[in-house]
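User: Could you take a close look at one part of this model for me, the ligand site, and then walk me through whatever backbone oddities turn up elsewhere?

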Amino acid sequence: MRLLTHNMLSCNIKGVTNGFPLRLEVEKFVEKEVEFNSDFLKNMFVKIEWKALVNAARSMGYEELPEEADSSMLDSDEFLKKFHHALLELHLEEGALICPETGRRFPVNKGIPNMLLHEDEV
Amino acid sequence: MAVGGTGTIPNRIPHRISNAENSFGDVSGKVVADFGCGCGTLGLASALLGAEYVIGIDVDSQSLEIASINAEDLELDINLVQCDINNLQWRGQTVDTVIMNPPFGTRKKGADMNFLSVALKVASQAVYSLHKTTTREHIKKTALRDFNAKSAEVICELRFDVPQLYKFHKKKEVDIAVDLWRFVPLKE
Ligand SMILES: C[S@@+](CC[C@H](N)C(=O)[O-])C[C@H]1O[C@@H](n2cnc3c(N)ncnc32)[C@H](O)[C@@H]1O
């Protein structure tokens with residue numbers, strides 16, 4: 001699971017109102033190189049919850065993202081490279097996503113998060 | 001390429017989507033979600049057409065495993081999530097385009113309508129979907145009135161050969177007419 005996917009997911013249990021962002025529990029992560037596309041990053045920037053990305057990247061040991069970001073930074077290639085790496089090149093392979101409100105654990109196996117709910121959670 | 005899951009689609013569909021891509025630019029360079037991706041056909045077709053980020057979602061873990069193998073075989077990179085579309089909770093219009101071949105609701109009534117309702121909440125640019133031609137009027141009305149669609153148009157009509165699934169089917173294969181739709185969601 002890449003962090004762009006993580007940035008979209010939230011806890012989907014019925015009644016949960018603060019299910020975003022899910023906290024990462026990292027057992028294994030991998031890095032895979034992806035072609036750099038600055039136009040794509042610029043388009044994505046407005047849709048990303050920055051804080052969630054920063055914290056998720058940190059839980060995989062990547063500390064290079066600035067705490068705050070605004071669109072003026074998109075002119076900097078250095079910033080874009082870091083954004084690119086955090087968003088697209090880090091993968092959570094094994095571990096879990098934890099709901100910030102209930103502590104419910106959604107397992108991630110072979111890079112696939114399992115967001116299926118139990119009957120009493122729907 | 002391994003195939004699996006239910007509801008095989010006519011192999012012309014990727015071609016149709018490719019035509020649509022040429023006229024609307026909904027896929028290349030975009031974030032595309034494949035709802036009920038099964039073995040990944042539509043998501044992988046989108047990746048081949050230059051989608052920048054593809055997310056395939058399905059309830060079934062075996063289908064997702066096959067999708068993952070298919071992606072590897074084609075040296076394509078897609079992102080998979082196991083989730084029931086009915087319980088999908090994403091914050092707003094986070095993807096550009098949703099592309100889907102939903103279950104028609106033969107067994108579970110209205111399943112395709114639930115998919116459509118969710119798709120029109122998470123897509124900012126377009127939703128491509130297949131529905132039975134017999135439901136055309138209903139789909140149009142519901143999408144525009146209840147589901148956040150700004151426009152709804154049938155791009156083309158296709159025929160599905162559905163193998164006999166139930167004893168009460170007399171013929172060996174039933175031929176059903178299916179519409180390929182393009183919906184445009186209202187902006188948030
Ligand atoms: C008609 S098949 C389409 C498969 C694939 N997209 C294709 O075109 O070949 C429908 C798929 O939706 C999945 N599905 C059914 N109900 C679902 C739900 N509520 N949420 C997510 N996926 C679902 C099934 O597992 C199946 O893979």
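Analyst: Let's start with a strand in chain B: B:Asp34 sits in β1, which covers residues 31-35. Keep in mind that this is a predicted model. B:Asp34 is a charged side chain that is buried but makes no salt bridge. If you go looking for a partner of opposite charge, the nearest such side chain is that of A:Arg2, and it is 15 Å away. What B:Asp34 does have is a backbone neighbour: a polar atom of its side chain lies 2.8 Å from the backbone nitrogen of B:Gly43.

Now for the ligand itself. Its surroundings add up to 17 residues, and the closest of them are B:Gly36, B:Asp58, B:Asp84, B:Ile85 and B:Asn101. By type, the shell splits into seven nonpolar, seven polar and three charged residues. One of those closest residues, B:Asn101, uses its side chain: an N or O atom there is 3.0 Å from an oxygen atom of the ligand. The backbone joins in too. B:Cys37 places a backbone N or O atom 3.4 Å from a ligand nitrogen, and for B:Val59 a backbone N or O atom is likewise 3.4 Å from a nitrogen atom of the ligand. As for how much of the ligand ends up covered, the protein takes care of 86% of the 590 Å² of accessible area that the ligand has on its own.

On to the backbone oddities, beginning with chain A. The peptide bond between A:Phe20 and A:Pro21 is cis, with omega near -10 degrees. A:Pro21 belongs to the loop that runs between α1 (3-8) and β1 (23-31) of chain A.

Back in chain B, two residues deserve a glance for their phi angles. B:Glu75 is not a glycine, yet its phi is positive, at about 55 degrees. You'll find B:Glu75 in the loop between α3 (61-73) and β3 (79-82) of chain B. With a relative accessible area of 74%, B:Glu75 is exposed, so it is over the 50% cut-off for that label.

The other one is B:Asn148, again a residue other than glycine with a positive phi, this time near 70 degrees. B:Asn148 lies in the loop between α5 (136-146) and β6 (149-163) of chain B. Its relative accessibility is 29%, so B:Asn148 counts as partly exposed.

Note on methods:
Residues are numbered from 1 along each chain as its sequence is written. Chains are lettered from A and ligands numbered from 1 in the order in which they are written. This is a predicted model: local features need pLDDT of at least 70, side-chain atom pairs count only at pLDDT 80 or more; totals for chains, interfaces and linings use all residues. Side-chain values use heavy atoms; hydrogens and water are left out. A residue is near a molecule or strand if one of its heavy atoms lies within 4 Å of it. A polar contact is a pair of N or O atoms within 3.5 Å; within protein, one must be able to donate a hydrogen and the other to accept it, and residues adjacent in sequence count only if both atoms are side-chain atoms. Accessible areas come from the Shrake-Rupley method with a 1.4 Å probe; for residues, only the protein chains shown count as cover. Ala, Val, Leu, Ile, Met, Phe, Trp, Tyr, Cys and Pro count as nonpolar, Asp, Glu, Lys and Arg as charged, and the others, Gly among them, as polar. Helices (H or I, at least four residues) and strands (E, at least two) are DSSP runs, numbered from the N terminus. Buried means under 20% relative accessible area, exposed over 50%, partly exposed in between (1.4 Å probe, protein chains only). Lys and Arg count as positive and Asp and Glu as negative; His and the chain ends are not counted. A salt bridge is a side-chain nitrogen of Lys or Arg within 4 Å of a carboxyl oxygen of Asp or Glu.
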